[in-house]
Amino acid sequence: MSMLERDRRRVWHPYSPPQAGPLFEVVAAEGVRLSLADGRELIDGMSSWWAAIHGYRHPVIEKAVAEQLERMPHAMFGGLTHEPAVRLCERLVEWAPGNFERVFLSDSGSVAVEVAIKIALQYWMARGEFGRQKLLTVRGGYHGDTFATMAVCDPVNGMHELFGANLKSHLFAERPACRFEEPFEERHIEDFARTLRSHRREVAAVILEPVVQGAGGMWFYSPVYLRRVRELCDEMGVPLILDEIATGFGRTGEMFGSNHAEVSADILCLGKALTGGTLTLAATLVSDEICGVIAEGEPGALMHGPTFMGNPLACAAAGASLDLLETTPWRNAVKSIEAQLRVELEPCRTLPGVADVRTLGAIGVVELAEPVDMAKVQPAFVERGVWLRPFGRLVYAMPPYVISPADLSALTGAIRSVLAEVHCA
Ligand SMILES: *Cc1c(COP(=O)(O)O)cnc(C)c1O
């Protein structure tokens with residue numbers, strides 16, 4: 001039986017029916033190329049969902065993981081500690097914009113957001129304000145697939161309809177309407193400001209993705225909006241959770257999405273590119289103020305503890321990825337990718353069925369009027385030698401920062417031709 005047949009019998013894929021749509025067996029990955037079992041090579045335009053920013057099999061990351069593997073692949077984190085985790089937490093506090101005191105490590109982005117929510121709730125309980133149980137966010141967001149995180153995902157394109165009976169109902173303001181490059185006007189924040197003001201005594205925290213809304217719609221909004229959110233949170237005394245799981249580590253052209261607005265969070269979530277895409281790891285950073293209040297209150301401890309917390313292999317990979325961000329010209333690379341995406345995706349705008357084209361940092365998006373037919377479009381990209389994975393009405397590329405101009409042209413060329421010849425045909 002072929003690998004694909006075996007997969008179809010036993011394996012469940014993300015957001016897929018038991019027998020997934022078109023599937024391709026990948027056997028190796030190196031640099032920006034994925035090798036398929038049938039010998040074809042694909043240029044990767046997805047960075048394995050924002051993660052593989054330095055490309056696959058980067059020798060610096062592999063060496064760090066291999067050396068750590070010889071010492072200790074894992075040890076429980078309750079009552080024990082180790083250098084890879086301590087060093088990583090020290091560095092994340094140094095790197096992150098803001099006054100963070102402490103880092104909680106976990107295995108995935110969704111859990112990092114769950115932990116951020118727990119921290120906000122514990123903060124208010126420690127202060128004796130038990131009525132603060134609601135989160136305020138904006139429409140169009142994505143924060144993960146677990147129950148607490150689904151509840152703050154966009155209520156329409158998230159899974160509220162399906163799981164609503166089990167989701168806590170939170171507060172949603174309008175999606176930030178002001179585009180990244182557009183002049184911000186005060187009316188753009190009105191709905192958010194009104195909602196926060198009228199619920200100021202019930203809100204435990206505001207949560208949003210800085211500047212780029214990822215899986216909720218690949219939308220880029222004005223940094224001034226984010227700055228106004230920060231000001232309003234300060235005014236109302238409400239903590240701000242920034243979810244930088246997709247935007248962190250250079251993707252938007254700045255190290256963190258919040259750098260565009262020069263704001264800092266009270267609680268910050270990191271994940272995805274944290275290990276350069278090698279192993280699964282996420283982190284929740286907490287301000288000194290919030291740490292202090294939780295320590296003084298009941299029960300005094302943060303009530304969370306993943307089994308694989310602080311996995312040394314993942315911490316070693318993350319340390320090596322940070323080294324690469326310190327030593328490689330990623331900023332120039334992202335700038336060049338942005339310029340090239342802007343030029344080469346622009347012609348898509350005139351194709352029938354295209355609603356919008358936008359680029360920010362190493363992210364290029366073509367928004368369509370109608371959802372793509374994945375059964376047709378996915379194989380069409382593979383036939384053209386590229387790996388892209390559209391969702392709904394969005395076709396987008398966020399390649400590893402090390403992609404060459406020629407490979408990037410192949411990606412954008414494939415997007416243009418698949419839209420013209422397959423999607424609109
Ligand atoms: C992917 C993502 C998450 C969830 O991370 P997982 O590792 O998939 O659990 C949360 N927030 C944002 C902004 C993301 O892009």
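In this predicted model, Tyr15 counts as exposed, at a relative accessibility of 60%. The residue is found in the loop between helix 1 (3-10) and strand 1, and its phi is near 50°, a positive value in a residue other than glycine. A positive phi, near 55°, is likewise found in Arg57, which is not a glycine either. Arg57 is placed in the loop between helix 2 (47-50) and helix 3 and, with a relative accessibility of 48%, counts as partly exposed.

The interior is described next. The largest nonpolar core comprises 96 residues, and those with the most contacts inside it are Leu92, Phe192, Val206, Leu208, Phe249, Val366 and Ile415. Helix 14 (residues 405-423) contributes the largest share of this core, namely seven residues. At least three residues of the core are drawn from each of domain 1 (3-54 + 330-423) and domain 2 (61-327). The surroundings of Leu208 may serve as an illustration: when neighbours within four places in sequence are left aside, Leu208 is in contact with Val138, His143, Tyr221, Tyr225, Leu226, Val229, Leu240, Ile241, Leu242 and Asp243. A second core, separate from this one, has 26 residues, among them Val115, Tyr123, Ala205 and Ile245.

Helix 14 also has a place beside a sheet, since it lies across strand 2, strand 3 and strand 15 and runs at about 90° to strand 3. The open sheet in question is formed by four strands in the order 1-2-3-15, with mixed pairing. Its edges are strand 1 (26-30) and strand 15 (386-387), each of which pairs on one side only. Strand 2 (residues 33-36) and strand 3 (residues 41-44) run antiparallel and are joined by three bridges, and within strand 3 the bridge partner of Leu34 is Leu42.

A further set of pairings involves strand 11 (residues 267-270), from which Ile267 and Cys269 point one way and Leu268 and Leu270 the other, all of them being buried. This arrangement can be read against the general rule that, in a regular strand, side chains alternate between the two faces of the sheet. Strand 11 pairs in the parallel sense with strand 10 (residues 240-243) over three bridges, and Ile241 stands opposite Ile267 in strand 11. With strand 12 (residues 282-287), in contrast, strand 11 pairs in the antiparallel sense over four bridges; here the bridge partner of Leu268 in strand 12 is Leu285.

Charged side chains were examined for pairing. Side chains of opposite charge can pair when their charged atoms come close, and the structure holds 28 salt bridges. In one of these, the side chains of Arg40 and Asp38 meet at 2.9 Å, N to O; Arg40 is partly exposed at 34% relative accessibility, whereas Asp38 is exposed, with a relative accessible area of 52%. Another salt bridge links Lys63 with Glu67, whose closest N and O atoms are 3.3 Å apart. Because Lys63 and Glu67 are four residues apart in helix 3 (residues 59-71), about one helical turn separates them. Lys63 is exposed, its relative accessible area being 52%, while Glu67 counts as partly exposed at 37%.

The salt bridge between Arg358 and Glu367, with its closest N and O atoms 2.8 Å apart, has a buried setting on both sides: Arg358 counts as buried at 6% relative accessibility, and Glu367 is buried with a relative accessible area of 15%. Both residues belong to a network of salt bridges that links Arg179, Glu182, Glu346, Arg349, Asp356, Arg358, Glu367 and Arg393.

The loop between helix 10 (288-296) and helix 11 (312-327) holds Met303 and also Pro299. A cis peptide bond joins Glu298 to Pro299, with omega about -5°. Apart from its neighbours within four places in sequence, Met303 is in contact with Lys118 and Gln122. Met303 and Gly257 are 46 residues apart along the chain, and their C-alpha atoms are separated by 29 Å.

Definitions and conventions
Residues are numbered from 1 along each chain as its sequence is written. This is a predicted model: local features need pLDDT of at least 70, side-chain atom pairs count only at pLDDT 80 or more; totals for chains, interfaces and linings use all residues. Side-chain values use heavy atoms; hydrogens and water are left out. A nonpolar core is a set of buried Ala, Val, Leu, Ile, Met, Phe, Trp, Tyr and Cys residues joined through side-chain atoms within 4.5 Å. Buried means under 20% relative accessible area, exposed over 50%, partly exposed in between (1.4 Å probe, protein chains only). Helices (H or I, at least four residues) and strands (E, at least two) are DSSP runs, numbered from the N terminus. Domain bounds come from an automatic or database domain assignment. Contact means heavy atoms within 4.5 Å. Two strands pair if DSSP finds at least two bridges between them. Axes are lines fitted to C-alpha atoms, for helices over the stretch in contact, and angles run from 0 to 180 degrees between N-to-C directions. A salt bridge is a side-chain nitrogen of Lys or Arg within 4 Å of a carboxyl oxygen of Asp or Glu.
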